[in-house]
Amino acid sequence: MNIEFLFDRVNRFQSPVRLLYASHYTADDHCRSGRQTMDSWTLDAPLTEAGATRVGKGPWLSRGPGWAHLYRPGSYIHHDTSGIKSVSHESAYICFEGGEELGFGAMTDNEDGFARIYDPRFLIFGRICAIAEVMTRGGMQREFGALAELYGIADLLCAGCERMPEGFFQLRPELLAGDSPELADRVYRLLNADYARAWTLAGLAAVLHVSVSTLAHEYRRSTGGSVMAALQAIRMRHGQRLLREGESVKETARRVGFGDENYFSKIFRRRFGVPPGAFRRQAGAPDES
């Protein structure tokens, strides 16, 4: 019997913990006002300004950078993104089953069934992005890797958070120590501003005036992911934007830093589940001449 089929049976019928969906997205895809009832456990974490959220009959809460929300199934939420002026909104979320088994029941034991978590180092955002990246892979690496990351998030929240008198949670001081947030922010801003450049880890470290080992270690400790994976994600998001605007696949690949159009197409399809040409057509762009 196929081993992946066996793992699927164990995951679906014996383990109550199951990852349903993971997404790392930009504003033009998901940033909309609206109301919804959560069908599953959901954890979302914005990297940039995300408007405001109201859970149940509670107050409106600002969704600025560093504020993650954990929702129980059945939570009723209202998003208001009308106040967002920037078009570069970025966030990430995961949907899963088995939150009680992961220890999230105690964190969401209020009337509205949710937890608000202050995470100025974006550790939660980084972990969710890592899950979204693992989900683009195939086979056993995808299944086991995603579950391992999900359990890692559970350890971070249950063991690494403390409830504040105001009612929200905050990562413990020892997790907030150090200068990793500033370095991670500098890396993100630099890559996002010059994503077409042929970056290497050594070249980026030289620009940031740190060693290669410091850059790699501190970035992963701060975000849960690698610098090169972050660069690829940034390039893919800008690739989506260019394709929507009508740019050809070949020119899009060149403009986001891929010298090989075929390799760009391979990575794009792996990440988004559709070839760039088909994505371009679905977005309503005119036919390439």
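Contact here means heavy atoms within 4.5 Å. The model is predicted, so that local features need pLDDT of at least 70 and side-chain atom pairs count only at pLDDT 80 or more, while totals for chains, interfaces and linings use all residues. Residues are numbered from 1 along each chain as its sequence is written, and side-chain values use heavy atoms, with hydrogens and water left out.

**Exercise 1. The chain as a whole**

Describe the secondary structure, the burial and the contacts of the chain.

Solution. Begin with the elements: the chain has 13 helices and eleven strands, where helices (H or I, at least four residues) and strands (E, at least two) are DSSP runs numbered from the N terminus. Next comes burial, for which buried means under 20% relative accessible area, exposed over 50%, and partly exposed in between, with a 1.4 Å probe and protein chains only. Of the 289 residues in the chain, 46% are buried. Finally, of the contacts between residues at least 6 apart in sequence, 70% join residues at least 24 apart.

**Exercise 2. Helix H4 and its packing on H9**

Find the span and burial of H4, then describe how H4 packs with H9.

Solution. Helix H4 covers residues 123-134, and its twelve residues reach 17 Å from the first C-alpha to the last, close to the 16 Å expected at 1.5 Å a residue; the expected span is 1.5 Å times one less than the number of residues. Ten of the twelve residues of H4 are buried, among them Leu123, Phe125, Cys129 and Val134. H4 and helix H9 (residues 212-223) have axes 6 Å apart at an angle of about 95 degrees, where axes are lines fitted to C-alpha atoms, for helices over the stretch in contact, and angles run from 0 to 180 degrees between N-to-C directions. H4 is therefore roughly perpendicular to H9, a label for angles of 65 to 115 degrees. Leu123, Gly126 and Arg127 of H4 meet Arg221, Ser222 and Thr223 of H9.

**Exercise 3. From His24 to H4**

Work out how exposed His24 is and which residues it touches.

Solution. His24 lies in strand E1 (residues 18-26) and, at 21% relative accessibility, counts as partly exposed. Leaving out residues up to four places away in sequence, His24 touches Glu90, Ser91, Ala92, Phe125, Cys129, Ala132, Ala233 and Arg237. The C-alpha atoms of His24 and Cys129 are separated by 5.8 Å, although the two residues are 105 apart along the chain. The side chain of His24 also makes a polar contact with that of Arg237 at 3.5 Å; such a contact is a pair of N or O atoms within 3.5 Å, of which, within protein, one must be able to donate a hydrogen and the other to accept it, and residues adjacent in sequence count only if both atoms are side-chain atoms.

**Exercise 4. H10, H12 and Tyr263**

Describe the crossing of H10 and H12, and then place Tyr263 in it.

Solution. The axes of H10 (residues 227-244) and H12 (residues 261-272) come within 11 Å and cross at roughly 95 degrees, and the two helices are therefore roughly perpendicular to each other. The residues that meet include Gln232, Ala233 and Met236 in H10, and Tyr263, Phe264 and Ile267 in H12. Tyr263 is partly exposed at 41% relative accessibility and, not counting residues up to four places away in sequence, touches Gln232 and Phe258. The C-alpha atoms of Tyr263 and Ala253, ten residues apart along the chain, are separated by 8.8 Å.

Technical notes:
Parallel < 35°, antiparallel > 145°, perpendicular 65-115°, else oblique.
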